[in-house]
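Q: I'd like a close look at one part of this structure, chosen by you. Please start with the part itself and then work outwards to what lies around it.

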Amino acid sequence: MFAVFRKPKTFRLRALHSQKKFGVAGWSCQEVLQKGCLHFQLPVAGSRLCLYEDGTELTGDYFWSVPDNSELVLLTSGQTWQGYVSDISRFLSAFHKPHAGLIQAAQQLLSDEQAPLRQKLLADLLHTISENIAAETRAEDPPWFEGLESRFTSKSGYLRYSCESRIRSYLREVNSYASVVSVEAQEEYSRIVDIMCRELRAAQYNGSYFDRGAKAGGRLCTPEGWFCCQGPFDVDTCASKHSINPYGNRESRVLFSTWNLDHIIEKKRTVVPALAEAVTERDGREVAWEYFYSLLFTSENLKLVHIACHKKTTHKLSCDPRRIYKPQTKPKRRRPARKCR
């Protein structure tokens with residue numbers, strides 16, 4: 001029989017609380033362990049090697065099946081390692097007070113990382129710990145305002161404007177539909193749109209939905225500015241648990257612009273045509289403009305959804321026929337006058 005000649009196994013090794021890695025080669029687990037302890041000046045007794053990936057302990061039987069250039073963590077007596085999530089856990093514990101050293105450590109991890117999944121996790125982590133959520137003004141967080149007009153001096157002010165802009169665009173769509181309404185009904189249709197316009201002005205175009213400084217009932221976020229996806233139109237919650245804080249940094253602000261205020265009962269396909277039809281066929285009845293207003297411009301019919309949860313298929317939902325017209329008041333019957341005796 002011929003002897004099988006093997007090359008020594010190569011690894012990238014680091015100690016538990018060190019970000020520095022060095023290359024090491026050996027023909028056995030014990031040899032790699034000894035070289036690692038010598039390099040980091042740690043005791044061999046009680047020390048062991050684990051895979052960085054998942055925390056699996058490296059043993060003699062497992063040694064040769066591990067791919068070359070795998071990353072190892074050198075543990076001394078009493079230390080534990082649960083895989084690369086342990087690095088992330090350390091960062092998570094410091095999220096409430098991110099500092100320059102923490103960010104630098106995350107950047108170092110990311111620069112040395114080759115695996116796409118871990119790159120994604122670390123990049124997301126770095127993105128989160130770099131946020132300056134508490135800051136509100138341009139002076140406190142200049143990078144957040146990059147690309148915005150100088151008239152915006154606070155984060156809440158800009159996000160309120162962003163929401164108002166969306167609501168104003170809905171109003172323009174409703175107003176432009178007047179050309180489709182029959183000539184006989186156009187005047188009444190325009191009158192109702194004018195009423196809605198005045199109502200929106202009084203409500204400041206519901207800009208409070210995106211303003212973290214607004215009262216609890218008037219905003220869609222937490223006091224810190226966190227928004228949660230409310231899920232597609234046909235479910236109650238978001239299965240993916242999407243969330244975002246556009247107050248954190250510029251990237252989050254830009255990404256938030258891709259989130260949709262989705263009409264459960266569709267605006268263009270259903271609500272606006274139903275309003276036009278109600279005006280055309282009112283036949284002496286009074287159109288309940290308040291109902292259509294709530295469907296078009298308020299959270300009664302609007303859901304804030306992540307772009308991945310925005311279903312662009314036909315919703316196949318209709319307006320409530322019982323709420324299209326205001327209830328007609330019945331005239332009181334006049335009692336016959338009593339005859340004097």
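A: Let's begin with one cut-off: a residue is called buried when its relative accessible area is under 20%. The model is a predicted one, and the part I would pick is helix H9, residues 289-297. By that cut-off H9 is mostly covered, with 8 of its 9 residues buried. Those buried residues are Trp289, Tyr291, Phe292, Tyr293, Ser294, Leu295, Leu296 and Phe297. The cover over them includes the helices H5, H6 and H8, along with strands E7 and E8.

Inside the helix, Ser294 is a good residue to zoom in on. Ser294 sits in H9 and counts as buried because its relative accessibility is 8%, below the 20% limit. A polar atom of its side chain lies 2.6 Å from the backbone oxygen of Tyr291, and Tyr291 is itself one of the buried residues of H9. Leaving aside residues up to four places away in sequence, Ser294 touches Glu300 and Asn301.

Now step across to helix H8, which is part of the cover over the buried residues of H9. H8 runs over residues 267-280, 14 residues in total. With a rise of 1.5 Å a residue, the helix should span 20 Å, and the end C-alpha atoms are 18 Å apart, so the geometry agrees with the expectation. The buried residues of H8 are Lys267, Thr270, Val271, Val272, Ala274, Leu275, Ala276, Ala278 and Val279. A useful reminder when reading such a list is that an α-helix has 3.6 residues a turn, so residues three or four places apart point the same way. These buried residues pack against H9, and also against helix H5 (155-176), helix H6 (183-202) and strand E7 (260-263). H5, H6 and E7 also appear in the cover of H9's buried residues.

The loop that leads from E7 into H8 holds Glu266. Why does Glu266 count as buried? Its relative accessibility is 10%, and the limit for buried is 20%. With residues up to four places away in sequence set aside, Glu266 touches Val271, Thr313, Thr314, His315 and Lys316. Val271 is among the buried residues of H8, whereas Lys316 belongs to the segment after E8. Lys316 is worth a second glance: at 76% relative accessibility, the residue counts as exposed, and it has a positive phi of about 55 degrees although it is not a glycine. As background, most residues other than glycine have a negative phi.

A second residue with this backbone feature lies in the loop between H6 and strand E5 (227-228), namely Asn206. Asn206, which is not a glycine, has a positive phi of about 55 degrees. Its relative accessibility of 10% places Asn206 among buried residues. Turning to charges and rings, the charged end of Arg168 sits over the ring of Tyr205, 4.0 Å from the ring centre. Likewise, the charged end of Arg151 sits over the ring of Tyr161, 5.0 Å from its centre. Tyr161 also takes part in a cluster, where ring pairs link it with Trp144, Phe145, Phe152 and Tyr158.

Aromatic pairs deserve a wider look too. The whole structure holds 16 of them. In one, Phe63 and Trp64 meet edge-to-face, 5.2 Å centre to centre and with 90 degrees between their planes. Phe63 is buried at 1% relative accessible area, while Trp64 is partly exposed at 28%. In another, Phe256 and Trp259 form a tilted pair, with 6.0 Å between centres and 40 degrees between planes. Both partners are buried, Phe256 at 1% and Trp259 at 3%.

Finally, here is the setting of the whole chain. The protein has 9 helices and 8 strands, and 44% of its 341 residues count as buried. Of the contacts between residues at least 6 apart in sequence, 64% join residues at least 24 apart. The protein exposes about 20400 Å², with carbon and sulfur atoms supplying 53% of that area. Back at the starting point, 8 of the 9 residues in H9 are buried, and the neighbours covering them include H5, H6, E7, H8 and E8.

Methods
Residues are numbered from 1 along each chain as its sequence is written. This is a predicted model: local features need pLDDT of at least 70, side-chain atom pairs count only at pLDDT 80 or more; totals for chains, interfaces and linings use all residues. Side-chain values use heavy atoms; hydrogens and water are left out. Rings of Phe, Tyr and Trp (its six-membered ring) pair if their centres lie within 6.5 Å; planes under 30 degrees apart count as stacked, over 60 as edge-to-face and the rest as tilted. Buried means under 20% relative accessible area, exposed over 50%, partly exposed in between (1.4 Å probe, protein chains only). A charge sits over a ring if NZ of Lys or CZ of Arg is within 6 Å of the ring centre and within 35 degrees of the ring normal. Helices (H or I, at least four residues) and strands (E, at least two) are DSSP runs, numbered from the N terminus. The expected span of a helix is 1.5 Å times one less than its number of residues. Contact means heavy atoms within 4.5 Å. A polar contact is a pair of N or O atoms within 3.5 Å; within protein, one must be able to donate a hydrogen and the other to accept it, and residues adjacent in sequence count only if both atoms are side-chain atoms. Accessible areas come from the Shrake-Rupley method with a 1.4 Å probe; for residues, only the protein chains shown count as cover.
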